[in-house]
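Colleague: Could we go through the chain contacts together? I would like to hear the reasoning behind each label.

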Number of protein chains: 4
Amino acid sequence: MSFTLDPRASYMMPAHFGPRPMHPNSSGWYHDVTAMTISYITDREKLAAYLPAPYEVDEEAVITVTYACSKNIDWLAGHGYNLIGVTAAVIHKGEKDTLRGTYTLVVWENLTDPILAGRELQGIPKIYADIPDHSLIGGKWRTNASHFGHKIIDLSIDNLRAPTEAELKLGAEMQEGRDNPMGCRYLAAAGGFGTAINEATLFPSESTVSEVQLGEGKVDWKHLTWEQNPTQFHIVNALAELPILGYLPAVVTKGSTNLVLPERFTRTLK
Amino acid sequence: MSFTLDPRASYMMPAHFGPRPMHPNSSGWYHDVTAMTISYITDREKLAAYLPAPYEVDEEAVITVTYACSKNIDWLAGHGYNLIGVTAAVIHKGEKDTLRGTYTLVVWENLTDPILAGRELQGIPKIYADIPDHSLIGGKWRTNASHFGHKIIDLSIDNLRAPTEAELKLGAEMQEGRDNPMGCRYLAAAGGFGTAINEATLFPSESTVSEVQLGEGKVDWKHLTWEQNPTQFHIVNALAELPILGYLPAVVTKGSTNLVLPERFTRTLK
Amino acid sequence: MSFTLDPRASYMMPAHFGPRPMHPNSSGWYHDVTAMTISYITDREKLAAYLPAPYEVDEEAVITVTYACSKNIDWLAGHGYNLIGVTAAVIHKGEKDTLRGTYTLVVWENLTDPILAGRELQGIPKIYADIPDHSLIGGKWRTNASHFGHKIIDLSIDNLRAPTEAELKLGAEMQEGRDNPMGCRYLAAAGGFGTAINEATLFPSESTVSEVQLGEGKVDWKHLTWEQNPTQFHIVNALAELPILGYLPAVVTKGSTNLVLPERFTRTLK
Amino acid sequence: MSFTLDPRASYMMPAHFGPRPMHPNSSGWYHDVTAMTISYITDREKLAAYLPAPYEVDEEAVITVTYACSKNIDWLAGHGYNLIGVTAAVIHKGEKDTLRGTYTLVVWENLTDPILAGRELQGIPKIYADIPDHSLIGGKWRTNASHFGHKIIDLSIDNLRAPTEAELKLGAEMQEGRDNPMGCRYLAAAGGFGTAINEATLFPSESTVSEVQLGEGKVDWKHLTWEQNPTQFHIVNALAELPILGYLPAVVTKGSTNLVLPERFTRTLK
């Protein structure tokens, strides 16, 4: 008896030991998410150079760097991990799908399990970094990422305060119709030369926020050599060379996120 | 100017920052590899249940567990990592390609970078585990793997001695025509349901051995729950339930390995 | 100009670079502490064998295992760490000081900085282990500790519920006059043979609790060999051999702790 | 029956579970040590400010930074660890003991067990850092240390070559009578104020070298803030401010080291 795939099940390599584990307590919920979100305006032309068609820079060339410390994640049996994700505000102008939202430039995570699932099932360009839990001292939130001992980025948010009613309303309006996290799912042919899969994807999620504070954010991208970070230096340097023309208000939130929406699964955009 | 792929280059996600980094000092060489290799006979029928067609169990149902501690890896700018790989002796009986070799059941590695490249470019089912450097005390070599603090496997080799001429000759003969590492490159469609890529792959490599010792090996697979290792428990339990019907001589080697053979790239088997 | 000690300052090795760093934002506060506390009755005689005079087992032979995940620690500039501590309910019957409280049998921590300070300045027998953040799934809290890849302990609390008024009152009464964390500060003479310091210490702290839940706890001590954990196996085995004769209600709390009380510093007991 | 110390045994906290474990396979041998040693001349007055009497700067104000990657350590049951140590060339001009050798300014190690033993039993000022295994690419050896994600030091050795006979002879002569590793064992009184132990120590070891290469070394100390490294920033900054007035030839070695010499134990200097 050899192994055969069940066409109704979901698999990842190694597939031959059976489908991705299911469990009654599993779900898409990340129950305890603490996030630092820092957005800034960058150079429109320089940003556009990293967007594959039919993605275009949105009205404003906004880069958003998000640190999230997630705990009590159901599909990881209650374990957690940290990430630092980088997105650009974009419009996807496809033949069928025209959507405003965010294009994921890169996501560093400090746990391999979600890196594999995110890359292969959703087209999220996740890669590894050491990301310590954020520190909080003197009212200032800080964290960083590094790989092979070499720093990739420092980020911090200071001078936190409660948002005003007007700010909350403005924030909700700015999100209106733009809560569409997108990316490009690229997989090479076996051997690495040629393209096997190259498609735009949309990976909806849903968040509830229990606490929100506004502050002044700062990101400090490092420049790296091949010797320091042979698999990622070109990514870090590209981000370091996108100018920071001005910061938007930074945000610290606590809440929950659900990555598996039964009515809106990850799908390919046309 | 938007991003476009160079058809002659090799990419991995995120592709939009450019091809996989090249460097004059990069190559496929792993210059300093210390390995413990432990093989055992298992139940033929039980093993066959994990092999997708057209893979079949070879004459003998042999499982091989290999721990490798690699240093001075050129493509990682001289860094290293540890792995524990599990293969089965198989024949690939395809329409075009009939080959004896090994089918990779799973590989645990303690560094994400080679996990991503191995999965996506070669179809090697690599996943993450904490794998300490081997210890050597009282003449006994030991190592282990664990994830989320829960042990996956203990392995050890004891009573090491130099091989005889006859053993070296026999070992070379047994390898003859069987040095074909193979696997199954499986990638789901976006969203995780349905199959995008499902193909047998061959990923040749070349090793030179500077030291070799024979000994008595032992592997001790653990049983795990979903709560202990939600992404891998089914893999570990499947391996733990393959009976160990007898050990072959275990081997400790030091040497070098080249994973990029210009004349024999990773390719799809038909 | 050579280095001289300032008699008014506090030093740790290396002392010659100056006193322990002070900073306006530093303090003894651990602002965000999540704890799992599991107590059980053990054999009185067996426990007594580990207590140096003038410590004696209290009315009941209670062992308490506490996991604490601490964040936003002021003296660590807002960083955090995890610990698993083991104490026994004791009476210190000294010539001058008679006190009921807890005797610290051992504390594992996953960060070296507080291990050094706790050992040298307070006489808390801290040692290192890998301690992941607790997981929470299906209402059950779990964590574990391991070293060199080998498990030391699994602990969990299940079936959590709010305490009744009567339980809260009883809990407060049982703490009354017993909130005295104590230990034995032992330091060998240079070279390791002979005793340089051997004294009972009291290291008061102060906690505020913002959330409390009661549940059913479980601890599972492992047995280890010298080869698995050469510096700690005797500690783990001793604890594993203390029988669990019955559990008390386990507690999950969130709150804050201050380890530096200006009016009640760590001191030696007589 | 309470716990009592055996006066003939060697203990560390927690002492009440018995003496430091002994095992037939244990010894002071580090069987596989790969080291990078980089020495430089610094400012005599500035260095003198960190030496407690009766230590004095030797004829030349030489700082030596040594990275050692040790494997197969007997007392750790065959496990290993990495360190970066910093010493100064000194003369101990005591009332009884006048010795030329090295004064240990600080040692970073990536494993807590030897940190505790080194501090408490020998007076070696060991503290923790993340220290990756060295990388070797393009003939250049590199490593680094960091803590909480913030870099402490980068070090490298390039242009390696075999030493000449004259160089080997000179090296041996320069070591003659100076192979005396020394330090200052400082332990505060309970509570951290006042001095309990303050003594010069000598901790002899013995090394055999199987390979040696000479090259050009470079060290790059970083400047850190309290927020980045609250327990060590003052140490790193002090070292960063000692000028590098010129490098001596750097050395890469492989060999073995024995830290327990039966005839020459660690002892206090007078």
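What follows is a conversation about how the chains meet.

Modeller: Before we start, this is a predicted model, in which local features need pLDDT of at least 70, side-chain atom pairs count only at pLDDT 80 or more, and totals for chains, interfaces and linings use all residues. Residues are numbered from 1 along each chain as its sequence is written, chains are lettered from A and ligands numbered from 1 in the order in which they are written, and side-chain values use heavy atoms, with hydrogens and water left out.

Colleague: How do you know how many residues chain A and chain B bring to their contact?

Modeller: Contact means heavy atoms within 4.5 Å, and by that rule 80 residues from chain A and 80 residues from chain B take part. The two chains bury about 6,600 Å² between them, 66% of it on carbon and sulfur atoms; buried area is the accessible area (1.4 Å probe) that two parts lose on being put together, summed over both. A:M13, A:F17 and A:W226 supply 13% of the area that chain A buries there, more than any other three residues.

Colleague: Why is the meeting of B:R119 and A:E120 called a salt bridge?

Modeller: The term asks for a side-chain nitrogen of Lys or Arg within 4 Å of a carboxyl oxygen of Asp or Glu. The N to O distance for B:R119 and A:E120 is 2.5 Å, so the pair fits the 4 Å rule. Across this interface the rule finds two salt bridges.

Colleague: And what makes C:K71 and A:D133 a salt bridge?

Modeller: Their closest N and O atoms are 2.4 Å apart, so this pair also meets the cut-off. Between chain C and chain A there are two salt bridges, with 13 residues of chain C in contact with 13 residues of chain A. The area buried there is about 1,100 Å², of which carbon and sulfur atoms give 55%.

Colleague: What makes the set that holds A:L105 and B:L105 a nonpolar core?

Modeller: Such a core is a set of buried Ala, Val, Leu, Ile, Met, Phe, Trp, Tyr and Cys residues joined through side-chain atoms within 4.5 Å, where buried means under 20% relative accessible area (1.4 Å probe, protein chains only). The largest one has 161 residues, and A:L105, A:W108, A:W221, B:L105 and B:W108 have the most contacts inside it. A second, separate core of 160 residues includes C:V86, D:M13, D:L105 and D:A117.

Terms used. Buried means under 20% relative accessible area, exposed over 50%, partly exposed in between (1.4 Å probe, protein chains only).
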